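Reader: I should like a close look at a single part of this structure, followed outward into its surroundings. Please state the criteria behind each term as it arises.

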Amino acid sequence: AADSLNADWLAWSLSVAGDAAAKLDPVQAASFYSRSLELTESTQVRAALVDVLLADNRADDADHVLDDGADALPLNIRRMIVAKRLGRDREEVRIRAADHEFRHWIADNDWLHAREMARFYLDVVERPALARRLAKINLKMQREPEDLLLASRTGAI
């Protein structure tokens with residue numbers, strides 16, 4: 001039990017180090033995130049690793065990182081982004097389904113996944129005004145570094 005707790009603690013520490021390095025040194029950030037994932041699987045850390053790789057124009061590496069990820073909305077959005085960057089159209093069915101579902105959530109004022117919806121409309125289907133609106137809504141609920149970066153990228157702040 002102590003080994004598991006120590007692994008979880010170390011994985012968390014490495015993910016925090018990755019967050020700190022993300023803007024300054026994407027290679028080091030990717031290393032921290034990768035080491036964290038070797039200890040404990042985390043959708044959030046895997047998504048952060050993919051984001052660092054994408055920001056460093058390493059879409060092929062991001063694609064490989066996503067191969068091991070769960071079927072979770074944050075990772076699925078990134079799968080669509082990677083597919084678009086790599087010029088693949090294999091995600092078209094998933095993109096249409098996500099757009100359909102997101103339109104329903106927007107109509108219902110369901111903002112639980114506003115961050116992912118903003119990423120989708122910014123980086124996948126390129127509806128910048130909607131992405132900006134969703135990023136503003138998201139900022140009312142959470143203000144983590146990735147939320148602030150997303151808001152900046154959309155022009156929401």
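**A loop residue and the helix beside it**

Author: Glu91 lies in the loop between helix 5 (73-85) and helix 6 (92-107); helices here are DSSP runs of H or I with at least four residues, numbered from the N terminus. The model is a predicted one, in which local features need pLDDT of at least 70 and side-chain atom pairs count only at pLDDT 80 or more, while totals for chains, interfaces and linings use all residues. Numbering starts from 1 along each chain as its sequence is written, and side-chain values use heavy atoms, with hydrogens and water left out.

With a relative accessible area of 9%, Glu91 is buried; the term means under 20%, exposed means over 50%, and partly exposed covers the range in between (1.4 Å probe, protein chains only). Its contacts (heavy atoms within 4.5 Å) include Arg79, Met80 and Ala83, once neighbours within four places in sequence are left aside.

Arg79, Met80 and Ala83 are among the buried residues of helix 5, together with Leu75, Asn76, Ile77, Arg78, Ile81 and Val82. These buried residues of helix 5 pack against helix 3 (43-55), helix 4 (59-67), helix 6, helix 7 (114-123) and helix 9 (145-154). As to length, the 13 residues of helix 5 should span 18 Å at 1.5 Å a residue, and the end C-alpha atoms are 18 Å apart, which agrees; the expected span is 1.5 Å times one less than the number of residues. Just after helix 5, Gly87 takes a positive phi of about 75°.

From helix 5, Ile81 leads to another loop: Val125 is 44 residues from Ile81 in sequence and 9.3 Å from it in space, C-alpha to C-alpha. Val125 is placed in the loop between helix 7 and helix 8 (128-141). A relative accessibility of 28% makes Val125 partly exposed. Beyond its neighbours within four places in sequence, Val125 is in contact with Ile95 and Phe120. The loop between helix 7 and helix 8 also holds Glu126, which has a positive phi of about 55° although it is not a glycine. Glu126 is exposed, with a relative accessible area of 52%.

Phe120 belongs to the aromatic part of the picture. The whole structure holds five aromatic pairs, that is, rings of Phe, Tyr and Trp (its six-membered ring) with centres within 6.5 Å, counted as stacked when the planes are under 30 degrees apart, edge-to-face when over 60 and tilted otherwise. In one of them, the rings of Phe120 and Tyr121 have centres 4.9 Å apart and planes at 85°, so this pair is edge-to-face. Phe120 and Tyr121 are both buried, and ring pairs link them with Phe102 and Trp105 into a cluster.

Helix 7 also carries charged residues. A salt bridge is a side-chain nitrogen of Lys or Arg within 4 Å of a carboxyl oxygen of Asp or Glu, and the count by this rule is 15. Arg119 and Asp123, both in helix 7, stand four residues apart, about one turn of the helix. They form a salt bridge whose closest N and O atoms are 3.0 Å apart. Arg119 is buried at 10% relative accessibility, and Asp123 is buried at 13%. Asp123 forms a further salt bridge with Arg153, at a closest N and O distance of 2.5 Å. Because Asp123 lies in helix 7 and Arg153 in helix 9, this pair ties together parts that are 30 residues apart in sequence. Arg153 is partly exposed, with a relative accessible area of 40%.

These bridges join a network that links Asp51, Arg78, Arg115, Arg119, Asp123, Glu144, Glu146, Asp147 and Arg153. The network leads back to helix 5, where Arg78 is one of the buried residues.

One further salt bridge may be added. Glu41 pairs with Arg46, their closest N and O atoms being 2.6 Å apart. Glu41 is partly exposed, with a relative accessible area of 43%, whereas Arg46 is buried at 7%.

Methods
Helices (H or I, at least four residues) and strands (E, at least two) are DSSP runs, numbered from the N terminus.
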